[in-house]
Amino acid sequence: MKVSPSLLSANFANLLPDLEMINNSECDYLHLDVMDGVFVPNISFGFPVMKAVSKVCTKPLDVHLMIVEPQNWISQVADLGAEYMVFHQEACTHIHRTVQAIHAAGMKAGISLCPATPINTLEDIIEDLDQVLLMSVNPGFGGQPFIPHAVKKVNQLRRLIDESGSKALINVDGGVNAETGALLAAAGADILVAGSYVFGAEDPEAAIHSLKVL
Ligand code: DX5
Ligand code: ZN
């Protein structure tokens with residue numbers, strides 16, 4: 001399993017030790033949650049903070065934009081050297097155009113779906129995607145309980161990806177721990193995002209390891 005710890009649950013008053021932990025750990029990416037107070041009822045951090053983080057973090061960045069008009073921020077995300085730019089299907093009218101523009105900026109493109117957005121809305125874009133980020137909580141906050149219906153959506157998405165020949169990886173975000181992670185792994189997830197489970201753990205590297213082995 002690939003693991004993408006979410007910085008949202010790190011210590012914002014002292015990020016350096018948390019970033020060093022990330023760099024030394026077995027994780028595959030660092031997940032950065034950008035919120036605008038419009039698409040979601042919360043505001044997290046923005047580009048100046050992510051720029052500073054990008055200079056210290058040695059893991060590829062998995063940038064999850066929970067913002068309206070994500071197409072306006074492609075060059076800023078590319079400037080971070082991000083591997084993935086992931087935006088919400090519900091926040092963008094011209095998804096196809098935005099995916100092409102993300103690719104033209106040299107990044108991999110991902111689309112995120114809120115818990116009540118059906119998988120079949122991806123049918124006409126799946127072949128162009130590098131990642132689908134399924135939300136297993138309502139976006140906006142860390143530490144929320146896992147919505148079990150997400151497991152069924154991972155199954156459906158696995159089928160859609162395999163049938164279409166898409167190279168998209170299935171990423172799941174929200175309420176992930178070793179227990180829910182095992183259900184998602186069995187359903188066909190490729191990447192797990194985990195915030196509070198990793199940064200709230202007494203031994204964050206061990207928490208990352210417990211997801212890596214799924
Ligand atoms: C929520 C964010 C998540 C969040 C997950 O809107 O997209 O990435 O950090 O936090 P946990 O793992 O604590 O549910
Ligand atoms: Zn996220």
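These questions and replies go through a predicted model of a protein chain and its zinc site.

Me: Before we start, how are things numbered, and what counts in this model?
Reply: Residues are numbered from 1 along each chain as its sequence is written, while chains are lettered from A and ligands numbered from 1 in the order in which they are written. Since the model is predicted, local features need pLDDT of at least 70 and side-chain atom pairs count only at pLDDT 80 or more, whereas totals for chains, interfaces and linings use all residues; side-chain values use heavy atoms, with hydrogens and water left out.

Me: How do you know that the protein chain agrees with a compact globule?
Reply: The rule is 2.2 Å times the number of residues to the power 0.38, with the radius of gyration taken over C-alpha atoms. For 214 residues a compact globule would have a radius near 17 Å, and the protein chain has 16 Å, so the two agree. Its C-alpha trace spans about 40 × 35 × 30 Å along the principal axes.

Me: How many helices and strands are there in the protein chain?
Reply: There are eight helices and eight strands. Helices (H or I, at least four residues) and strands (E, at least two) are DSSP runs, numbered from the N terminus.

Me: What makes His31, Asp33, His64 and Asp173 donors of the zinc ion (ligand 2)?
Reply: A donor is an N, O or S atom within 2.8 Å of the metal (3.2 Å for Na, K and Ca); water is not among the atoms, so sites may look incomplete. The atoms here are NE2 of His31, OD of Asp33, ND1 of His64 and OD of Asp173, at 2.0 to 2.3 Å from the zinc ion, so they meet the 2.8 Å cut-off. In sequence, the donor residues follow the spacing H-x1-D-x30-H-x108-D. Asp33 in strand S2 (residues 30-35) and Asp173 in strand S7 (residues 169-173) are 140 residues apart, and this pair links distant parts of the chain.

Me: Why is the site of the zinc ion (ligand 2) called octahedral?
Reply: Six donors count as octahedral if opposite donors are over 155 degrees apart and all others between 65 and 115; four count as square planar by those angle limits, or as tetrahedral if all angles lie between 85 and 135 degrees, and anything else is irregular. This site has six donor atoms with angles of 71 to 169° among them, and is classed as octahedral.

Me: Why is Asp33 called buried?
Reply: Buried means under 20% relative accessible area, exposed over 50%, and partly exposed in between (1.4 Å probe, protein chains only). Asp33 has 4%, so it is buried. Asp173, with 8%, is buried too. Of the 214 residues of the protein chain, 52% count as buried.

Me: Is Leu192 buried or exposed, and how do you know?
Reply: Leu192 has 0% relative accessibility, so it counts as buried. Leu192 belongs to strand S8, and its C-alpha atom is 6.5 Å from that of Asp173, 19 residues away along the chain.

Me: What makes Val213 exposed?
Reply: Its relative accessibility is 55%, so Val213 counts as exposed. Val213 sits in the segment after helix H8 (204-212).

Me: Why is Asn138 called partly exposed?
Reply: Asn138 has 45% relative accessibility, so it counts as partly exposed. Asn138 lies in the loop between strand S6 (131-135) and helix H5 (149-164). The C-alpha atoms of Asn138 and Cys114 are 6.3 Å apart, with their positions 24 residues apart in the chain numbering.

Me: What is special about phi in Glu69?
Reply: Most residues other than glycine have a negative phi. Glu69 has a positive value, near 50°, and is not a glycine. Glu69 is in the loop between strand S3 (61-66) and helix H3 (74-79), and its 42% relative accessibility makes it partly exposed.

Me: Which classes of residue make up the lining of the largest pocket?
Reply: The lining has 11 nonpolar, 11 polar and two charged residues. Ala, Val, Leu, Ile, Met, Phe, Trp, Tyr, Cys and Pro count as nonpolar, Asp, Glu, Lys and Arg as charged, and the others, Gly among them, as polar.
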